[in-house]
Amino acid sequence: SKPSRPTIRALMDPTDDQVGESAKSSSSLEKKFKQPGNEEVLIPGVIPDNVKALQSSSKAGIVPRYKQALDAFLRSRGEMRSARLSFAQLGDEGSAKLSEILSSGTARNLEGLDISCNSIGVDGCCSLSRSLASNMALRALDISANAICDAGATAVAEALGSNSTLQHLDVHACAIRCAGASALASALVQGGGGPLVSLNL
C-alpha cells in the first residue's frame, strides 16, 4: 500500500471574533470578503492576521518542491540523456544539490539539461559552474530566466575553459549586463569556450 502523504494546512485563528465559526468554510469566507460595503479589505501581498504559517504532519517538515524533481533524477541511475527541471523551484539551495549530482558522475549519460525559470541566483550559478568544469557529458545547458547576473555569467565563462563537451548554452533573460557578456565573449574568442557553437544571450 502507498504511504500516506503529509498533510499541509493553513490554520485560521479560532479566536478571531470577526471570522467566527460560520466563516471557517470557504463559502462563508467568500461572502465575508465579497459583500459590498464590507469594511475589511484584502490587500494583495499582505497576509491577514488570522492566517497562520503552513504546518506539516511529516517529521521532516515541509519538503522543498525541488526535492521531488531531484529524487526522480537520481532514481534514473544515470541513464537519463536529457532532463527538464524547469519551474522546479530549485533556487540556490537546489542548484547546489544538483551541482553535487553532476560532479559525482551519477549523471554520466546526461547530455541535455534544462533548469530555466528556477529562481537561481549568483550563488546557485557559481555552484553549477564548478560542476560544469568537471562534467564531461553535458552538450546542452539551458539556464535562461534565472537572475545569475554578471557574477554568475563570469563564473560560467571561467568554467567553459575547463569543459570539453558543452556545445549549446542558453543564458537569455538572466540579468546579464556588459561585464558578464564580455566575459562570455572573451572565453569564446580566446578559445576558452571549448567546442561551444551556440550561445543565446
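This is a short talk on the fold, one helix, a cavity and the cysteines of the structure above.

First, the ground rules. The model is predicted, so local features need pLDDT of at least 70 and side-chain atom pairs count only at pLDDT 80 or more, while totals for chains, interfaces and linings use all residues. Residues are numbered from 1 along each chain as its sequence is written, and side-chain values use heavy atoms, with hydrogens and water left out.

Start with the chain. The protein chain has 6 helices and 7 strands. Helices (H or I, at least four residues) and strands (E, at least two) are DSSP runs, numbered from the N terminus. Along the sequence the pattern reads β-α-β-α-β-α-β-α-β-α-β-α-β. The chain has 201 residues, and 34% of them count as buried. Buried means under 20% relative accessible area, exposed over 50%, and partly exposed in between, with a 1.4 Å probe and protein chains only. A contact means heavy atoms within 4.5 Å. Among contacts between residues at least 6 apart in sequence, 83% join residues at least 24 apart.

Now helix H5, residues 149-160. How far apart are its end C-alpha atoms? They are 17 Å apart, which agrees with the 16 Å that its 12 residues should span at 1.5 Å a residue. The expected span is 1.5 Å times one less than the number of residues. The buried residues of H5 are Gly152, Ala153, Ala155, Val156, Ala157, Ala159 and Leu160. Their cover includes H4, strand E6 (168-170) and helix H6 (178-189).

Val156 also appears in the lining of the largest cavity. A cavity, on a 1 Å grid over the protein atoms alone, is a set of points where a 1.4 Å probe fits but cannot get out; lining residues have an atom within 4 Å of a point. Grid points are joined across faces, edges and corners, and a volume is the space filled by probe spheres set on the points. The search finds 2 cavities of 30 Å³ or more, and the largest has a volume of about 70 Å³. Helix H4 (residues 122-134) gives the largest share of that lining, 5 residues. Others in the lining include Leu102, Leu113 and Ile115.

Last, the cysteines. How many disulfides does the structure hold? The count is 0, where a disulfide is a pair of cysteine sulfur atoms within 2.5 Å. For Cys117, the nearest cysteine sulfur, that of Cys174, is 9.2 Å away. Cys117 is partly exposed, with a relative accessible area of 28%. For Cys126, the nearest cysteine sulfur is that of Cys125, 6.0 Å away.

Notes:
On a 1 Å grid over the protein atoms alone, a cavity is a set of points where a 1.4 Å probe fits but cannot get out, and a pocket is an open set with protein on both sides within 12 Å along at least five of seven lines; lining residues have an atom within 4 Å of a point.
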